[in-house]
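Colleague: I am new to this structure. Please take one part, the nonpolar core, and give me a close look at it and at the elements around it.

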Amino acid sequence: MPTFSIHTLGCRTNQADSEQLRQILLGAGFVEVPFGSPADCAIVNTCTVTGEADRKSRQILRRASRQAGTVVATGCGVARRGGLESLPGAVLKLAPESREQILELLGASDCLGGSALRYGLQAGRSRALLKVQEGCDHFCSYCIVPYVRGRSRSMPAGSLVEQARALEEAGHREIVLTGIHLAVWGRDLPENPDLADLLDRLLQGTREVRFRLSSIEPMSFPHRILERMAHFPDRICPHLHLPLQHASDAILKRMRRDYTWAEYDRLARDFLDSVPGACLTTDILVGFPGETQGDFEILMGHLRTLPFLHLHVFAYSPRKGTAAAMYSDPVPESTRKSRSEQVIRLGERLARAVRRRFRGQVRPVLVERAADREGEWLGTADNFLQVCFPGPPALLGRIVPVRLGLGEDGRLCGLPKGEEFASGR
Ligand code: SF4
């Protein structure tokens, strides 16, 4: 049997794309081996969102060349205007939109099952990924993604319901809806449904699996989702990752984000006020060209006013081919670094405060993997709190009610509902 391995860089959408490749290869009789082991074929799903991502993609491709007979580079890096135009001759390129031709590329199109896609168990994952949308028309000034992923396209609801049902039947207890610009799902489909309509269809078409939204932009956010979250607390996770990027309106405008801090703040508070147990996480981009000390202080000041569970902080680096790469007022690298460190520290303080608020509550936790300490598990609560708690091996992959406590290090620990914490927990 031919063997393959996959390494994925970048976002959840890339992970979902890798999953599609994996399902095609398994369906055709290939056997998966861990990346790094000898394999007939190693696939590297690249990312090109920053120069650093290009560098890492090249590094992994070089590593793969030493381990596999055939190396395939796919993903944004090899797309038109991606950062990996020139690759060693031996590496095969698979354009992201041609993923389904992986067997043809490998000369294996007559293999058992062909390229028919199975929607089965996503091995090694308690949470399955379901890609519902591709591409983006927004063109934020720092972002290369619309150039490499193309215009926004939505997958039809009927096929998504079918996939969700298959994932539930395969044993997944949570399905994460992913997309490059998830908020605009449906705009290009007949009758222009929105994400709330899709959630309705998914809830009707499945039994009890819970759904989580992956990162969703505040621009074009479909507000009706909040009602669905409030009405179906067991089926739609009360968590939003709403990328803010900055809180100075001047910088948001230069980023072409199309909202002000006040608008973001209103949306975040609508979510937190209307959805019980809601938690909010975000992305922050510091050191954008033209960011003054005043802009940075506005950012820090506003961040302190919302209960963020996590700040995913990036220091800006110019991406060739984007509008912002042409801006002539860069922030010095040392300032970018020091500002990003300050935001990271603030994020840690905000997260501790959020975790304290949930102490003593019971939340449904998806058990995802063994913790370092024997007999303990790591899992994710419905609202994205990460919890470590003791329990038997049979819990893996299940959703269990866990009473949350606070460890001495400020992290959340838990006990299955019904048991009490010793002092300190
Ligand atoms: S919304 Fe902006 S940041 Fe997100 S993919 Fe589109 S252009 Fe990039």
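Modeller: A nonpolar core is a set of buried Ala, Val, Leu, Ile, Met, Phe, Trp, Tyr and Cys residues joined through side-chain atoms within 4.5 Å. Buried means under 20% relative accessible area, exposed over 50%, and partly exposed in between, with a 1.4 Å probe and protein chains only. The model is predicted, so local features need pLDDT of at least 70 and side-chain atom pairs count only at pLDDT 80 or more, while totals for chains, interfaces and linings use all residues. Numbering starts from 1 along each chain as its sequence is written, and side-chain values use heavy atoms, without hydrogens or water.

Start with the largest nonpolar core. It has 69 residues, and I216, L240, Y264, L280 and V343 touch the most other members. Helix α9 gives the largest share of this core, six residues. Helices (H or I, at least four residues) and strands (E, at least two) are DSSP runs, numbered from the N terminus.

L280 is a good place to look. Leaving out residues up to four places away in sequence, L280 touches L240, L242, Y264, A268, F271, L272, L306, P307, F308, L309 and H310. Contact means heavy atoms within 4.5 Å. Another core lies apart from the largest one; it has 17 residues, including F358, A381, L404 and L406.

Now turn to α9 itself. Its buried residues are W261, Y264, D265, L267, A268, F271 and L272. They cover an arc of only 165° around the axis, so they sit on the same side of α9. That arc is taken from the directions that lead from the helix axis to the C-beta atoms. On the face turned away from the buried side, α9 carries the exposed residues R266 and D273. The packing partners of the buried residues of α9 are α7 (224-231), β11 (239-241), α8 (249-255), β12 (279-286), α10 (293-303) and β13 (308-315).

The length of α9 can be checked too. Its 14 residues, 261-274, should span 20 Å at 1.5 Å a residue, and the end C-alpha atoms are 20 Å apart, which agrees. The expected span is 1.5 Å times one less than the number of residues.

Next come the sheets. One open sheet has three strands in the order β6-β9-β10, with parallel pairing. Strands pair if DSSP finds at least two bridges between them. β6 (127-131) and β10 (210-213) each have a single partner strand, so each edge strand has one side without a neighbour in the sheet. Neighbouring strands of this sheet are turned by 30° against each other on average, direction ignored. Helix α1 (residues 12-27) packs on this sheet, touching β6 and β9, and its direction makes about 95° with that of β6. Axes are lines fitted to C-alpha atoms, for helices over the stretch in contact, and angles run from 0 to 180 degrees between N-to-C directions.

Look along the strands. β9 (residues 174-178) is joined to β10 by four bridges, and I175 stands opposite F211 in β10. β6 and β9 pair over five bridges, in the parallel sense. There, K131 stands opposite T178 in β9. Five of the five residues of β6 are buried, so β6 is largely enclosed by the rest of the structure. R127, L129 and K131 point one way from β6, while A128 and L130 point the other way. In a regular strand, side chains alternate between the two faces of the sheet.

After β9 comes a loop that leads to α6 (195-205), and H181 lies in it. H181 counts as buried because its relative accessibility is 4%. Apart from neighbours within four places in sequence, H181 contacts Q133, G135, C136, H138, E217 and M219. N192 is also found in the loop between β9 and α6. It counts as exposed because its relative accessibility is 53%. Phi of N192 is near 45°, a positive value in a residue other than glycine. Most residues other than glycine have a negative phi.

A second open sheet has five strands in the order β2-β1-β3-β4-β5, again with parallel pairing. Its edge strands are β2 (31-32) and β5 (91-94), each with a single partner strand, so one side of each has no neighbour in the sheet. α1 packs here too: it touches β1, β2, β3 (39-46), β4 (68-75) and β5, and its direction makes about 175° with that of β1. Helix α2 (residues 51-65) also packs on this sheet, touching β1, β3, β4 and β5, at about 180° to the direction of β3.
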